[in-house]
Number of protein chains: 2
Amino acid sequence: MRDAYHEQLESVGHTLVEMAELVGQALSRATRALLEADLPTAEAVISADDAVDALHRELDVRTLDLMARQQPVASDLRILVTSLRMSADLERMGDLARHIAKVSRMRYPQCAIPEELRETIAQMGEIGAELARKVGRILEDKDVDAARTLEAQDDAVDRLHRAVFTELLSPENPYAIETAIDVTLLSRYYERFADHAVSVAHRLVFLVTGEQDGQR
Amino acid sequence: MRDAYHEQLESVGHTLVEMAELVGQALSRATRALLEADLPTAEAVISADDAVDALHRELDVRTLDLMARQQPVASDLRILVTSLRMSADLERMGDLARHIAKVSRMRYPQCAIPEELRETIAQMGEIGAELARKVGRILEDKDVDAARTLEAQDDAVDRLHRAVFTELLSPENPYAIETAIDVTLLSRYYERFADHAVSVAHRLVFLVTGEQDGQR
């Protein structure tokens, strides 16, 4: 009985790793769809988010069931509650990748990103997807040190987010209002994606060390 | 022992009601600060969010403690897990009100909202604050019917959010890029605030009826 329980506890962790992989792929593909005005890829990202939502719901049910039936000890309870929160972060990251794909679809056959901002958006996409991949590995290895280094990459996304606004406001390139709206929202989605990735990493640190997770 | 436990369970609910009231006030004041370029009010909203964060952290500790020490039955466990999620929604609503106040502070002594958009933003602020107040009452009374009617008001915020973009894009009023960026982000903050309010209401419906909460 106890063994089946620990297997179930472990499988919750596996689902989180799977979710992290899926949302990392989703962000990569959403960014490609955005930069290349690639409608089939945008559509694929939008549909694929259902799988992340399903994993999230299913993990919820399993976790609540484990809590109710097994009366876990305090440390396992902390794992289960933290897993629910990580799952919520990852599910939200999937939503944000889907939002990005939807902007790409809305502007098709045009590209929502002007030439001067392509590189910045590409970098935000790359770092975001890399953060998600790292989160997957961090969860798999319970790697507190790696989790702590994620913060620096989140700072890079914040810098890019500010660089987007600086470019939008540059007097040399007068941008259309529609472009400003699209790019502002997109940049915000990337920033929030990275925030949630760091939040998952913080929760892992909290789980392993018992340190406060900063309530992100 | 059992009575102290139920008192503690009830006090978790009271904290959620208090949080809903605080974030509703925060949004009202942030909107006033924004529309009147009122720096002291903006500063007050920014500082006051610490109290919401503190309630959130403290509710977390109490809830986890109750779970670990009392081995709650399945129905109480559902209450506690849902309370943690509601608290996270409410904490986020506080953050969003603070974000709005920060835009107001950043643009001071200017007003971030152009004349033509004042009314729309004022309405978003009013409906958002009203949603938070209703959420407080819904939590207090465990009022499922009222919780279900919240959805309609969220739709109103979504409509206003789209109206903001339509106005920003209107050819008669050429807006500055800075205005477009500010207003796009602000409108998004109001929209997310309303989303989280509806999410809390959904969770209450789930809690009382056992219906799926739609994983918002």
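Which side chains meet in a salt bridge at 2.8 Å, N to O? Select Arg85(B) and Asp60(A): their side chains form this salt bridge, a term for a side-chain nitrogen of Lys or Arg within 4 Å of a carboxyl oxygen of Asp or Glu. Between chain B and chain A, the count of such bridges is two.

The model is predicted, so local features need pLDDT of at least 70 and side-chain atom pairs count only at pLDDT 80 or more, while totals for chains, interfaces and linings use all residues. Residues are numbered from 1 along each chain as its sequence is written, chains are lettered from A in the order in which they are written, and side-chain values use heavy atoms, with hydrogens and water left out.

Next, select the whole contact (heavy atoms within 4.5 Å). Chain B contributes 31 residues and chain A contributes 31 residues. About 2,900 Å² is buried between the two chains, and carbon and sulfur atoms give 64% of that area; buried area is the accessible area (1.4 Å probe) that two parts lose on being put together, summed over both.

Then look for polar contacts, pairs of N or O atoms within 3.5 Å; within protein, one must be able to donate a hydrogen and the other to accept it, and residues adjacent in sequence count only if both atoms are side-chain atoms. Two residue pairs across the interface satisfy this rule, both at pLDDT 80 or more. On chain B, highlight helices H2 (39–70), H3 (74–107), H5 (144–168) and H6 (177–209), the elements that each give two or more residues to the side touching chain A. Helices here are DSSP runs (H or I, at least four residues), numbered from the N terminus. H6(B) gives the most, with nine residues.
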